[in-house]
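Visitor: Could you take me through one part of this model slowly, and tell me what surrounds it? I would like a connected account rather than a list.

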Amino acid sequence: MSAPRRAAVLGSPIAHSLSPVLHRAAYAELGLTDWTYDRFDVDEAALAGFFAELGPEWAGLSLTMPLKRAVIPLLDGISETAASVDAVNTVVFGEDGRKTGDNTDIPGIVAALREHGVEKVETAAILGAGATASSALAALARICTGEVAVYVRSGARAAEMRGWAERLDVEVRIADWADAGEALHAPLVVATTPAGATDALAAAVPERPATLFDVLYDPWPTALAARWSAYGGAVVSGLDLLLHQAVLQVEQMTRRAPAPLAAMRAAGERALWAAGE
């Protein structure tokens, strides 16, 4: 029998994370009965100490905010994808002890869109300019052939997004949040804002919307996603993103591919349904 292996998700707060549900479902489907996946509430100040205590049984870590940038100095190397946005959400421990960081959010966004039939778009819009927006912009750099309009609330956020656009070589137009209703006419709209931030935009959904990717999954559906779906538009949810980035994490940490997407999706949907009762 192989030695037991460990993995976990770190962040603060972390109690709400669905990652343990998804990864454990994958382990069960793959027959990895000696693997465990936990969650730990770890902030930036405690991160180095947590890493110092990790033993050879550890296979990998998933990271959420506020650790995606704080972890980089603790690693032996990061992938080009992670370097493109200075954000790591996945750490894989090699047999030689090397700690390598990657970002599966970016390819996860691309994979979630592909699953819903979106492989290329001429233009796109991003609602918001926070941490998730940079990953969304990096994903759009792979599939959008033209301009990406980014709707922001502040000049500081606008400057950040211009910097990311230059770094990622994406044609970006910065627009004011007051005009965010215009974004809903784009072939692809990516909403990266916190819960409730886009509720007021639901009334502006056009009669024939295209595709909305709303990165939230709880509460679900958002007011924007519900109106979008009611009008016949395609909706990609935050659960789709969480699933596809977790699939890539499982494959990297376990070195087993393909990861069992269907089993992971079923487990995630059950967990959300139970939480909503």
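Guide: What follows looks at one threonine and then at the pockets. The model is a predicted one, and in it threonine 192 sits in the loop that joins strand E10 (188–191) to strand E11 (211–214). With a relative accessible area of 11%, threonine 192 counts as buried, because that value is under the 20% cut-off. A polar atom of the side chain of threonine 192 lies 2.8 Å from the backbone oxygen of leucine 127. Leucine 127 is also among the residues that threonine 192 touches, along with Ile126, Gly128, Ala129, Thr132, Ala133, Ala136 and Val215, when residues up to four places away in sequence are left out.

Two of these contacts, Thr132 and Val215, lead on to the largest pocket, since they are listed with Thr64, Met65 and Lys68 as lying nearest its centre, within a lining of 44 residues. The elements that contribute two or more residues to that lining are strand E3 (58–63), helix H5 (131–143), strand E8 (148–152), helix H6 (155–168) and helix H8 (238–254), and H8 gives the most, with 5 residues. The largest pocket holds about 1200 Å³ of space, and its lining is made up of 19 nonpolar, 18 polar and 7 charged residues.

The second largest pocket has a volume of about 300 Å³; it is lined by 17 residues, of which Arg5, Pro56, Trp58, Phe93 and Gly94 are the closest to its centre. By class, the lining of the second largest pocket comprises 8 nonpolar, 4 polar and 5 charged residues.

Key:
Residues are numbered from 1 along each chain as its sequence is written. This is a predicted model: local features need pLDDT of at least 70, side-chain atom pairs count only at pLDDT 80 or more; totals for chains, interfaces and linings use all residues. Side-chain values use heavy atoms; hydrogens and water are left out. Helices (H or I, at least four residues) and strands (E, at least two) are DSSP runs, numbered from the N terminus. Buried means under 20% relative accessible area, exposed over 50%, partly exposed in between (1.4 Å probe, protein chains only). A polar contact is a pair of N or O atoms within 3.5 Å; within protein, one must be able to donate a hydrogen and the other to accept it, and residues adjacent in sequence count only if both atoms are side-chain atoms. Contact means heavy atoms within 4.5 Å. On a 1 Å grid over the protein atoms alone, a cavity is a set of points where a 1.4 Å probe fits but cannot get out, and a pocket is an open set with protein on both sides within 12 Å along at least five of seven lines; lining residues have an atom within 4 Å of a point. Grid points are joined across faces, edges and corners, and a volume is the space filled by probe spheres set on the points. Ala, Val, Leu, Ile, Met, Phe, Trp, Tyr, Cys and Pro count as nonpolar, Asp, Glu, Lys and Arg as charged, and the others, Gly among them, as polar.
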